[in-house]
Amino acid sequence: MHILITGGAGFIGSHVVRHFLKSYPAYTITNLDALTYAGNLANLMDVDALPNYRFVKGDINDGDFLQRLFRESRFDGVIHLAAESHVDRSISNPTEFVVTNVLGTVNLLNAARACWQSDFEGKRFYHISTDEVYGSLGREGLFTEQTAYDPHSPYSASKASSDHFVRAYHDTYNLPVVISNCSNNYGSFQFPEKLIPLFINNIVHNKPLPVYGKGENIRDWLWVVDHAQAIDVIYHQGSNGETYNIGGHNEWSNIDLIRLLCRIMDTKLGRAAGESEKLVTYVTDRAGHDLRYAIDSSKLQRELGWVPSISFEKGLELTVDWYLTNAEWLQNVTSGEYQHYYKEMYGAR
Ligand code: NAD
Ligand code: DAU
């Protein structure tokens with residue numbers, strides 16, 4: 001079995017690569033990643049010497065390159081995570097999201113189709129998507145696999161579009177596809193532009209914690225290791241043409257999450273109770289900010305037996321421990337271009 005994982009040097013991708021390398025030593029895993037600002041080979045240092053691992057630096061926006069790679073490598077399966085993934089960046093630069101998330105995905109579909117011809121026996125194209133395609137919930141209800149798409153940000157619109165193309169290739173060409181739509185992930189190796197690692201880093205450096213709006217938006221948080229396990233189960237046991245929602249049944253308003261994070265950080269850093277929370281600073285809301293995401297993952301639980309393994313309190317504490325222990329990783333990814341991004345996004349503070 002030879003699986004191509006795209007975006008394997010990113011946050012979730014690196015956990016998926018690690019999970020597959022360790023769980024399936026008989027598989028060959030090729031990690032294809034362009035190493036954008038979000039891709040980092042340091043995320044895979046513990047596994048990159050394994051004999052069944054291969055890294056290829058390359059861009060999914062280069063269709064000819066993908067066709068060659070597929071011809072040479074004869075992949076049995078694809079797990080496609082490569083994407084531009086940050087909502088705030090999509091608001092500043094939407095076109096980049098269309099190019100990578102939509103056109104890049106179509107390039108990959110074309111390469112798989114050309115390579116596999118119509119011999120789909122044992123083949124699988126697994127597209128990793130997000131709950132943001134469903135739009136925003138009010139105070140009640142959950143996203144199911146039947147919820148109509150209603151994306152609001154350029155990021156979620158690009159992911160929704162890529163999902164439609166993946167389904168279209170199944171319906172039109174019988175390509176053996178499967179899609180999952182997951183809620184917010186947290187854990188080690190997440191780039192500190194996203195809420196949790198950004199706030200951990202700012203607390204360490206006593207910098208303001210920029211809370212958008214009133215901090216009332218709600219997200220459903222899942223430990224990234226549990227997402228990788230769900231991807232394994234869906235890759236191996238999911239049905240062609242199906243969609244599976246993945247979520248932690250773990251809703252937190254941003255401000256409640258931030259207060260919990262501040263309490264954990266106070267303890268870990270030996271600060272007085274309440275010290276970190278003083279850094280909370282309410283700032284202008286994100287444009288088009290979705291109020292609430294919450295996933296109904298009962299299909300995945302019922303049909304494939306997947307359940308999250310860890311409580312949020314425990315997972316968040318493990319995550320804080322990881323960032324504090326890996327201060328050098330954080331230091332490396334926050335030097336250089338990050339400083340420019342941070343200034344543009346949050347001002348000079
Ligand atoms: P990330 O930004 O951490 O990583 C993305 C990776 O893709 C990086 O390694 C980057 O170098 C690579 N990449 C970007 N453009 C590329 C290109 N043109 N060619 C090749 N590689 C390229 O993202 P993430 O948070 O790990 O998300 C991974 C996937 O999971 C994305 O498709 C995202 O939409 C989806 N997702 C993320 C979350 C979340 O909470 N982070 C939740 C649900 C779904
Ligand atoms: O729901 C899945 C999605 O979760 C993924 O598809 C995306 O790739 C991923 O980035 C994430 O999107 P969010 O926009 O929900 O995540 P983010 O960490 O950017 O923000 C989480 C919440 O925190 C959101 O309500 C905005 C708020 N926030 C975020 C930042 C960066 C702040 O209040 N301040 C901030 O500085």
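How many bridges join β5 to strand β6, and do they run parallel or antiparallel? Six bridges join β5 to β6 (residues 177-182), and the two strands run parallel. The model described here is predicted.

## Strand β5 and its neighbours

In the pairing of β5 with β6, Ile128 has Ser180 as its bridge partner. Strand β4 (residues 77-80) also runs parallel to β5 and is joined to it by four bridges. In that pairing, Ile79 of β4 is partnered with Tyr126.

Helix α5 (residues 154-173) completes a right-handed β-α-β unit with β5 and β6.

## Burial of β5

Strand β5 spans residues 124-130, and seven of its seven residues are buried. Burial applies to both faces. One side carries Arg124, Tyr126, Ile128 and Thr130, while the other carries Phe125, His127 and Ser129.

## Ligand 1

Around ligand 1 there are 30 residues, of which Ile12, Asp33, Ser85, Tyr155 and Lys159 come nearest. Oxygen atoms of the ligand take part in several short polar contacts: a side-chain N or O atom of Tyr155 lies at 2.6 Å, a polar side-chain atom of Ser85 at 2.7 Å, and a backbone N or O atom of Leu81 at 3.0 Å. On its own, ligand 1 has 840 Å² of accessible area, and the protein covers 96% of this.

Elements giving two or more residues to the shell are α1 (11-23), β5, α5 and β7 (184-186). The most come from β5, with three residues. By residue class, the shell consists of 13 nonpolar, 13 polar and four charged residues.

Terms used. Residues numbered from 1 in each chain as written. Chains lettered and ligands numbered in written order. Predicted model: local features only at pLDDT ≥ 70, side-chain atom pairs only at ≥ 80, totals over all residues. Heavy atoms only, no water. Buried < 20%, exposed > 50% of the residue type's maximum accessible area, 1.4 Å probe, protein only. Pairing = 2+ DSSP bridges. Right-handed = clockwise from strand over helix to strand, strands pointing away. Near = heavy atom within 4 Å. Polar contact = N/O pair within 3.5 Å; in protein donor to acceptor, adjacent residues only side chain to side chain. Areas by Shrake-Rupley, 256 points an atom, 1.4 Å probe, with all protein chains shown as cover. Nonpolar A, V, L, I, M, F, W, Y, C, P; charged D, E, K, R; others polar.
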